[in-house]
Amino acid sequence: MGAEVVIEGLTKSFGRQTIWRDVTLTLPPGEVSAMLGPSGTGKSVFLKSMIGLLKPDRGRCVINGVDIVTCSEHKLYEIRKLFGVLFQDGALFGSMNLFDNVAFPLREHTKKSETEIRRIVLEKLDMTGLAGAEKKLPGEISGGMRKRAGLARALVLDPEIILVDEPDSGLDPVRTTYISQLFLDVNAQIDATFLIVSHNINLARTVPDNLGMLFRKELVMFGPREVLLTSEEPVVAQFLNGRKLGPIGMSEEKDSATMAREEAEAEAGHGDGGLNEDVRGVVPQMQVSPGVEERAGAKRRMDRVMRILHTLPPVAQEGIIESLTPEQQRYYNVRPNAAPGQYAGPQETQQFPAVGGPVPDQHQGQLPADQVARIPGTAGGPPRHGQGGA
Ligand SMILES: Nc1ncnc2c1ncn2[C@@H]1O[C@H](COP(=O)(O)OP(=O)(O)OP(=O)(O)O)[C@@H](O)[C@H]1O
Ligand SMILES: [Mg+2]
């Protein structure tokens with residue numbers, strides 16, 4: 001199982017410019033999480049801080065009991081081996097063929113024989129759909145293939161945590177879907193913890209188990225996908241709909257005069273950009289490819305989410321329950337309201353053994369870390385997912 005990453009009060013600035021402050025979240029082991037945020041909100045800085053390439057000013061980032069903010073260089077070097085990183089541009093060496101690019105970390109960090117290296121490299125190239133392309137140079141292949149080669153290279157040291165920066169940059173929508181599928185299939189095969197940084201709405205809505213959003217130098221929210229997909233939080237709703245109307249402006253936050261003007265324009269019938277309809281709601285999550293075993297992380301997540309269900313906003317509860325198969329609803333002892341569009345409310349869901357703690361009225365901020373992870377798994381396990389599962 002992948003490593004859990006516990007981040008508490010993490011703050012990063014460059015000189016006098018604060019990039020984000022007091023970021024607290026837990027990446028549950030083996031689950032796929034995505035961090036959203038407008039350009040320039042510090043998503044890439046966040047990833048770099050997680051692997052210690054940048055040093056946060058304060059806070060903790062704990063992996064396997066080691067706080068990488070304060071640990072020694074030697075410890076940091078060891079912890080870094082747990083990570084596989086797929087940078088925005090694939091970061092391949094232009095003069096090396098794909099084989100040598102993918103073999104690079106093995107030759108640098110291990111004492112494996114060339115025979116063993118060859119076996120691993122070919123296996124990872126095969127896993128990422130690049131079998132037969134090992135002699136190609138990065139300049140001779142498409143952007144999608146370069147991304148996959150970057151992923152193959154990120155996989156060779158058997159990472160427990162995989163960080164991905166903007167997987168869709170430079171890719172068409174179809175290739176973006178293919179690489180997203182690959183992330184889920186790889187997650188199923190190696191059960192690593194994923195964090196994908198992106199501003200692709202489609203990916204955000206269909207791929208990850210958990211979503212977070214950075215804005216105004218803060219983590220606006222982090223939690224199960226259903227919570228953000230149904231959120232009324234203006235920033236989250238605006239972002240997930242790709243709208244002009246809302247607090248996010250051309251470069252950063254909008255002033256109130258601009259907001260008022262845009263609202264008046266919209267009321268006067270001026271198109272808002274973005275998607276035509278409000279796409280709030282829990283769309284089905286992408287599943288692993290046929291023939292790939294189900295994701296252990298998805299199963300764990302379902303148990304985890306069902307344990308915190310009573311703490312989630314009613315509309316998210318409804319979305320979650322409706323996405324379960326009838327067998328899963330029986331297993332978790334929950335049922336959707338008979339009347340369509342009218343969920344019976346928390347009293348229904350409280351039949352499920354709750355983890356305790358107060359039930360917040362609403363979730364305008366991030367979910368408490370102890371509710372987002374560290375939930376012991378239940379014995380046995382739920383029935384297999386249906387198409388709308390997770
Ligand atoms: N090494 C650095 N030194 C100083 N400032 C930096 C450094 N790296 C990033 N920044 C600043 O931090 C801010 C956040 O940058 P970052 O690249 O993390 O944003 P992002 O959310 O990844 O944006 P995008 O979606 O465009 O990739 C920017 O204002 C950037 O100029
Ligand atoms: Mg970036």
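## Helix packing, sheets and ligand shell in a predicted model

In this predicted model, the axes of helix H5 (residues 143–155) and helix H6 (residues 173–190) come within 10 Å and cross at roughly 15°. H5 is therefore roughly parallel to H6, the term used for angles under 35 degrees. Axes are lines fitted to C-alpha atoms, for helices over the stretch in contact, and angles run from 0 to 180 degrees between N-to-C directions. Helices (H or I, at least four residues) and strands (E, at least two) are DSSP runs numbered from the N terminus.

On the H5 side, Gly144, Lys147, Arg148, Leu151 and Leu155 meet Arg175, Tyr178, Ile179, Leu182 and Val186 of H6; contact requires C-beta atoms, placed from the backbone, to lie within 7 Å. Six of these residues are nonpolar, one is polar and three are charged. In that count, Ala, Val, Leu, Ile, Met, Phe, Trp, Tyr, Cys and Pro are nonpolar, Asp, Glu, Lys and Arg charged, and the others, Gly among them, polar.

Residues are numbered from 1 along each chain as its sequence is written, while chains are lettered from A and ligands numbered from 1 in the order in which they are written. Local features need pLDDT of at least 70 and side-chain atom pairs count only at pLDDT 80 or more, whereas totals for chains, interfaces and linings use all residues.

The model contains an open sheet of six strands, ordered E6-E7-E8-E3-E9-E10, with mixed pairing; strands pair if DSSP finds at least two bridges between them. Strand E6 (83–86) and strand E10 (218–224) are its edges, each pairing on one side only. The twist averages 15° from one strand to the next. H5 packs on this sheet, touching E6 and strand E7 (161–165), and its direction makes about 170° with that of E6.

An open sheet of four strands follows the order E2-E1-E4-E5 with antiparallel pairing. Strand E2 (17–27) and strand E5 (66–67) each have a single partner strand, so one side of each is left without a neighbour in the sheet.

| Strand pair | Sense | Bridges |
|---|---|---|
| E3 (residues 32–36) and E9 (residues 210–215) | parallel | four bridges |
| E1 (residues 5–14) and E4 (residues 58–63) | antiparallel | five bridges |

Leu36 has Met213 in E9 as its bridge partner, and Thr11 has Arg58 in E4. Helix H9 (residues 234–241) lies across E3, E9 and E10 at about 105° to E9, and H1 lies across E1, E2 and E4 at about 120° to E1.

Helix H1 (residues 43–50) also supplies the largest share of the shell around ligand 1, three residues.

Definitions and conventions. Angles under 35 degrees count as roughly parallel, over 145 as roughly antiparallel, 65 to 115 as roughly perpendicular and the rest as oblique. Two residues are in contact if their C-beta atoms, placed from the backbone, lie within 7 Å.
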